[in-house]
Amino acid sequence: MSDTPFGFGLPPEEPDDGDEGKKKDQESGGGQGPANPFGFGGLPGAGGFGGGPGGPGADNPFAAMFGSLNPNDLGAAFQQLGQMLSYEGGPVNWDMAKQIARQTVSQGSPDGTKDTSVGPADRKSVEESVRLADLWLDDATSLPSGATSAVAWSRAEWVEATLPAWKELVDPVAERVGTAMGDVLPEEMQAMAGPLIGMMRSMGGAMFGTQIGQAVGVLAGEVVGSSDIGLPLGPAGKAALLPVNVETFGKDLSVPQEEVRLYLALREAAHQRLFAHVPWLRSHLFGAVDGYARGIKVDTAKLEDVVGQFDPQNPEQLQEALQQGMFQPEDTPEQKAALARLETALALVEGWVDAVVHAAAKPRLSSADALRETLRRRRASGGPAEQTFATLIGLELRPRRLRDASRLWASLTDARGVDGRDALWAHPDMLPTATDLDDPDGFVHREQIDFSELDKMLGEAAGKPDLKKKDEAEGEVDGEGEDKNKGDDAG
């Protein structure tokens, strides 16, 4: 997690070429300048005011600020500070998260690549790759195509398209933290401390917004599509690839770029099929996150200590509290169960995609094995953004048991065929469990449940009300609406 608090920067202007970091600061002659007047940055790798960590004002950015800013920049900075403190939109300041994410994107990724607008050639290449990938997948899965369109995104476009999903993921956890921040004071003191509590909640929303914005911005420089982390982050039906990241991903692999793009298109198209035709899956995954949030426990003792010593002139205290794990939840049974459910579900999703894509790519791409192994390692290790989410909200977005799940799906294909394997997605109770991942052979060769009798019973049960209605209709007594049988019994 970055140790630079807040990220009070003014959002950069939208460039024509997508490179948001090219606008130079003429007033300050370099550094972050008026585009980031406090010098806090909130960006990975951002140093103190004026440049690097040891630059002027690194220890006291406000002192440097007053000696460097013109009145217009200073006014704009304090205006944004006021907006942050007055934010009342929810547990996370998503406006700030969006600004920080876009600022992070504009800085470029650690490997030095910058974001660029997607040109017609890249859009056409992505569309053709997804179309061909869908054709190949028809032989590898019984689930039909789930992509209604194929799009090529810049990193900034990925941020815009995925923020609604991040909001759904993060808000349940942040809501519990925000409530805890208001509950640490005794009830009789809460009325007197109302303004302070409100400010603390706004600061908490800003802290979450800053950290989530940083993580999403960094992740935008790493992902190659809309479903890299195993969750449906983009709009339904849109298979998306990021050409600049696809090129970076394949740069050192000694694999033709066309094969890299095709393999990644196969993975994106496979995810789209799964989430489009397994309607309960998305709510199952996001429900595991919500279940986790319901069981969250905040270290109130540490929070009370911070509240007692809170200095409005030193808001960095909340940032430090986040970094020290004050909001790290306790391991309750409810949370462990929710996290286990989420971890298993992610492994099953990624394992199915891995098995299906390999079956489709192996006969057609000479580099299929190498690309498969590269993606497995990349997915298992995670990146700095995923680590930030784990630290901030306690969620690991990595399928720890990807290889186990992939082997299980491949074995199911051999034993039951493609249709039998994919039929398990019909209901969550039919899927393998964490225990089954420990013993995949046992699950594969377990006697399959015969649902025919159950279906017959359910059909008969569903038909009984109709028969009863028919009997009642036939047995009505004119003008009385009573069953003749009842009348006979009475007589």
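This is a short talk on how the helices of one predicted model pack together, and on where a few single residues sit within it.

Good morning, everyone. Let me begin with the protein chain as a whole, which has 20 helices and 2 strands. Of its 491 residues, 50% are buried. If we take the contacts between residues at least 6 apart in sequence, then 78% of them join residues that are at least 24 apart.

Let us turn next to the interior. The largest nonpolar core has 87 residues, and those with the most contacts inside it are W158, W166, L281, L285, W352, W409 and W425. Which helix gives the most to this core? It is helix 13, residues 333-361, which contributes 13 residues. As for W425, if we set aside residues up to four places away in sequence, then W425 touches L274, V278, W280, L281, L348, V349, W352, W409 and L431.

Now I come to the packing of helices. Two packed helices are described by the angle between their axes and the distance between the axes, and I will go through three pairs in that way.

The first pair on my list is helix 13 with helix 16, the latter being residues 402-422. Their axes come within 8 Å and cross at roughly 65°, and the crossing is right-handed. On the side of helix 13, the contact is made by A347, L348, E350, G351, W352, D354, A355 and V356, while helix 16 brings L402, A405, S406, W409, A410, R421 and D422. Sorted by class, the residues in this contact of helix 13 with helix 16 are 9 nonpolar, 2 polar and 4 charged. You may recognise W352 and W409 here, since both were named among the residues with the most contacts inside the largest nonpolar core.

The next pair is helix 9, residues 257-277, with helix 14, residues 368-381. These two pack at an angle of about 60°, and their axes are 11 Å apart. Why is helix 9 called oblique to helix 14? The reason is that angle, because an angle from 65 to 115 degrees would count as roughly perpendicular and one under 35 as roughly parallel, whereas the angle in this pair falls in neither range and helix 9 is therefore oblique to helix 14. The crossing of helix 9 and helix 14 is right-handed. Looking at the residues themselves, E259, V260, Y263, L264 and R267 of helix 9 meet A368, L371, R372 and L375 of helix 14. The residues in this contact of helix 9 with helix 14 divide into 6 nonpolar, no polar and 3 charged.

The remaining pair joins two helices we have already met, helix 14 and helix 16, which pack at about 135° with their axes 10 Å apart. Helix 14 and helix 16 are therefore oblique to each other. Here R372, E373, R376, R377 and R379 of helix 14 meet L402, R403 and S406 of helix 16. What classes of residue make up this contact of helix 14 with helix 16? There are 1 nonpolar, 1 polar and 6 charged residues.

Let me finish with some single residues, starting with V130, which has its place in helix 4, residues 120-137. Is V130 buried or exposed? With a relative accessible area of 4%, V130 is buried, because buried means under 20%. Leaving aside neighbours within four places in sequence, V130 is in contact with A150, A239 and A265. The C-alpha atoms of V130 and L262 are separated by 7.3 Å, although these residues are 132 residues apart along the chain.

E222 lies in the loop between helix 7, residues 194-220, and strand 2, residues 238-241, and at 24% relative accessibility E222 counts as partly exposed. The C-alpha atoms of E222 and P110, which are 112 residues apart along the chain, are separated by 9.8 Å.

T435 belongs to helix 17, residues 434-438, and T435 is exposed, with a relative accessible area of 56%. Between the C-alpha atoms of T435 and T344, which are 91 residues apart along the chain, the separation is 9.7 Å.

My last residue is S254, found in the loop between helix 8, residues 243-250, and helix 9. At 76% relative accessibility, S254 counts as exposed. Most residues other than glycine have a negative phi. S254, however, has a phi near 55°, which is a positive value in a residue other than glycine.

Definitions and conventions. Residues are numbered from 1 along each chain as its sequence is written. This is a predicted model: local features need pLDDT of at least 70, side-chain atom pairs count only at pLDDT 80 or more; totals for chains, interfaces and linings use all residues. Side-chain values use heavy atoms; hydrogens and water are left out. Axes are lines fitted to C-alpha atoms, for helices over the stretch in contact, and angles run from 0 to 180 degrees between N-to-C directions. Helices (H or I, at least four residues) and strands (E, at least two) are DSSP runs, numbered from the N terminus. Angles under 35 degrees count as roughly parallel, over 145 as roughly antiparallel, 65 to 115 as roughly perpendicular and the rest as oblique. A crossing is left-handed if the near helix is turned anticlockwise from the far one by less than a right angle, and right-handed if clockwise. Contact means heavy atoms within 4.5 Å. Ala, Val, Leu, Ile, Met, Phe, Trp, Tyr, Cys and Pro count as nonpolar, Asp, Glu, Lys and Arg as charged, and the others, Gly among them, as polar. A nonpolar core is a set of buried Ala, Val, Leu, Ile, Met, Phe, Trp, Tyr and Cys residues joined through side-chain atoms within 4.5 Å. Buried means under 20% relative accessible area, exposed over 50%, partly exposed in between (1.4 Å probe, protein chains only).
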